[in-house]
Amino acid sequence: YEYGPNSPSDSYGAGRGDAPTGRDICEGYYWQQDQCGGIGCCQWNLDNENQGYCVSAVGDGECSLDVSGEFACEQVEQWDEETCNYIGCCQWDEGRCWSAVGQGTCRTFNRLFHDEFNCEAL
């Protein structure tokens, strides 16, 4: 599964160990408005034709991706079981991914954008 035209590992992550930036996380993916708004370093913009898109609110600053477990596990994507279990704050139950921390912060969500796992699983 691919969110956008570029593999995140092209700009950071796998092999380099750099933290993802706001541009890495927010731009080039097909985030919906509510998904974009759920990521603290992103913001929703409208172009001249009122078409919306997600952009970095921090430019090239670091994006920590501290989002709620419900957002990471239940709202971003219908994750498969392997990805759900990999995220760290999610649990697989009744054929879908659920938050294991409720509305608590999912500090491990950035694994999907930082580890080599990202390139193979998404």
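These notebook entries record what I looked up in a predicted model of one protein.

**Entry 1. The hairpin**

I began with strands β1 and β2. Strand β1 covers residues 42-46 and strand β2 covers residues 52-56. I noted that the two pair in the antiparallel sense, over 5 bridges. For Trp 44 I looked up the bridge partner in β2, and found Cys 54. The two strands form a hairpin, with 5 residues between them. Within the turn I recorded Asn 50, whose phi is positive, at about 60°.

**Entry 2. Salt bridges**

How many salt bridges does the structure hold? I found 2.

One of them joins Arg 23 to Glu 27, and the closest N and O atoms are 3.7 Å apart. I then checked accessibility. Arg 23 has 39% relative accessibility and counts as partly exposed. Glu 27, at 27%, also counts as partly exposed.

I next turned to the salt bridge of Arg 23 with Asp 60, in which the closest N and O atoms are 3.0 Å apart. This pair links distant parts of the chain, 37 residues apart. Arg 23 is in helix α1 (residues 22-26), whereas Asp 60 is in the loop between β2 and β3 (67-68). Is Asp 60 buried or exposed? Its relative accessible area is 55%, and the cut-off for exposed is over 50%, so I entered Asp 60 as exposed.

Taken together, Arg 23, Glu 27 and Asp 60 are linked in a network of salt bridges.

**Entry 3. Disulfides: count and pattern**

A disulfide is a covalent bond between the sulfur atoms of two cysteines. My search of the whole structure gave 6 disulfides. Counting the bonded cysteines along the chain, I wrote down the pattern 1-4, 2-5, 3-6, 7-10, 8-11, 9-12. I then examined several of these links one by one.

**Entry 4. Cys 26 and Cys 42**

Cys 26 and Cys 42 are joined by a disulfide, with an S to S distance of 1.9 Å. The pair links distant parts of the chain, since Cys 26 is in helix α1 and Cys 42 in strand β1, 16 residues apart. I noted a torsion of about -85° about the S-S bond, so this disulfide is left-handed. Cys 26 has a relative accessible area of 1% and is buried. Cys 42 is buried as well, with 8%.

**Entry 5. Cys 84 and Cys 97**

Which cysteine is joined to Cys 84 by a disulfide? I found Cys 97, with S to S at 2.3 Å. The pair links distant parts of the chain, 13 residues apart: Cys 84 lies in helix α4 (residues 81-87) and Cys 97 in strand β5 (residues 96-99). The torsion about the S-S bond is about 85°, so I recorded this disulfide as right-handed. Cys 84 is buried, at a relative accessible area of 0%, and Cys 97 counts as buried at 2%.

**Entry 6. Cys 89 and Cys 106**

I closed with the disulfide of Cys 89 and Cys 106, whose sulfur atoms are 2.0 Å apart. Cys 89 lies in the loop between α4 and β4 (90-93) and Cys 106 in strand β6 (residues 105-106), so the pair ties together parts that are 17 residues apart in sequence. About the S-S bond I noted -90°, and the link is left-handed. Both cysteines, Cys 89 and Cys 106, are buried.

Conventions. Residues numbered from 1 in each chain as written. Predicted model: local features only at pLDDT ≥ 70, side-chain atom pairs only at ≥ 80, totals over all residues. Heavy atoms only, no water. Pairing = 2+ DSSP bridges. Helix = DSSP H or I, 4+ residues; strand = E, 2+ residues; numbered from the N terminus. Salt bridge = Lys/Arg side-chain N within 4 Å of Asp/Glu carboxyl O. Buried < 20%, exposed > 50% of the residue type's maximum accessible area, 1.4 Å probe, protein only. Disulfide = S-S within 2.5 Å.
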